[in-house]
Amino acid sequence: MENKSKKRGLLIIMSGPSGVGKGTIREELMKDKSLNLFYSVSMTTRNKRPGEVDGREYYFVTREEFDKNIETGNLLEWAEFVGNRYGTPKDKVEATRDEGKNVLLEIEVNGTSQVLEKVHGDDVISIFIAPPSIEELERRIRGRGTESDEVVKGRLAKAAGELKLKDQYRYVVVNDDLLRAVDEIRDIIVSKF
Ligand code: 5GP
């Protein structure tokens with residue numbers, strides 16, 4: 001028989017301000033099959049960006065569909081972020097952890113607070129990704145070039161508040177260098193195996 005002790009998978013919550021590089025870090029982590037990660041695809045009401053695929057980056061839904069999911073208790077957490085709603089489908093997270101896979105959530109800070117209120121234990125790992133500086137964060141958000149000036153300003157204003165919440169996390173990782181930050185997170189995850 002193979003080694004199947006059926007240890008429940010970890011719940012890894014990665015959060016931090018918009019533009020800090022969470023998405024890129026997530027892509028790098030997902031390449032490492034030894035981490036046994038399952039990325040929890042969120043639901044959102046925001047419009048698709050060029051290149052995004054429904055069911056891969058997000059489940060793109062209408063506001064009505066989203067609110068139906070709130071009402072039926074289908075979301076582990078949800079938050080409004082600069083005019084759109086984002087949420088984590090609950091059942092998939094639990095079922096996947098039961099299968100022994102480590103579930104990765106990439107969500108904003110209010111969502112993390114909700115998850116940490118509901119899910120407890122040593123196997124829940126919260127990681128805050130911080131920018132090297134707020135100036136660098138602005139440069140990155142503008143560099144993405146996908147948002148209007150108004151949205152960029154909204155996201156930056158939000159970032160200042162988000163940065164204040166970093167002490168609520170078990171780990172804070174500064175994304176000064178992508179691969180260095182990824183290595184640090186990989187070490188954190190492996191230390192919990
Ligand atoms: P974006 O529009 O740039 O894809 O995402 C905006 C913000 O929403 C990011 O900080 C992202 O991490 C966060 N986000 C994505 N999915 C979820 C989710 O399911 N729940 C919460 N609370 N935030 C999410």
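**View 1. Polar contacts of the ligand with Tyr86, Ser42 and Arg155 in the predicted model.** An N or O atom in the side chain of Tyr86 is 2.6 Å from an oxygen atom of the ligand. In this predicted model, a polar side-chain atom of Ser42 likewise lies 2.6 Å from a ligand oxygen atom. For Arg155, the distance from an N or O atom of the side chain to an oxygen atom of the ligand is 2.9 Å. The protein covers 96% of the accessible area of the ligand, which amounts to 500 Å² for the ligand on its own.

**View 2. The shell of residues around the ligand.** The ligand occupies the largest pocket and has 16 residues around it. Those that come nearest are Ser42, Arg46, Tyr58, Glu77 and Tyr86. By residue class, the shell comprises 7 charged, 5 nonpolar and 4 polar residues. Two strands, β5 (75–81) and β6 (84–89), each contribute at least two residues to the shell around the ligand.

**View 3. Leu10 and its spatial neighbour Asn102.** Leu10 belongs to the segment that precedes β1 (11–15). The relative accessibility of Leu10 is 2%, and the residue therefore counts as buried, the cut-off being under 20% relative accessible area. Although 92 residues separate Leu10 from Asn102 in sequence, their C-alpha atoms are 4.6 Å apart in space.

Terms used:
Residues are numbered from 1 along each chain as its sequence is written. This is a predicted model: local features need pLDDT of at least 70, side-chain atom pairs count only at pLDDT 80 or more; totals for chains, interfaces and linings use all residues. Side-chain values use heavy atoms; hydrogens and water are left out. A residue is near a molecule or strand if one of its heavy atoms lies within 4 Å of it. A polar contact is a pair of N or O atoms within 3.5 Å; within protein, one must be able to donate a hydrogen and the other to accept it, and residues adjacent in sequence count only if both atoms are side-chain atoms. Accessible areas come from the Shrake-Rupley method with a 1.4 Å probe; for residues, only the protein chains shown count as cover. On a 1 Å grid over the protein atoms alone, a cavity is a set of points where a 1.4 Å probe fits but cannot get out, and a pocket is an open set with protein on both sides within 12 Å along at least five of seven lines; lining residues have an atom within 4 Å of a point. A molecule sits in a cavity or pocket if more than half of its atoms lie within 2 Å of its grid points. Helices (H or I, at least four residues) and strands (E, at least two) are DSSP runs, numbered from the N terminus. Ala, Val, Leu, Ile, Met, Phe, Trp, Tyr, Cys and Pro count as nonpolar, Asp, Glu, Lys and Arg as charged, and the others, Gly among them, as polar. Buried means under 20% relative accessible area, exposed over 50%, partly exposed in between (1.4 Å probe, protein chains only).
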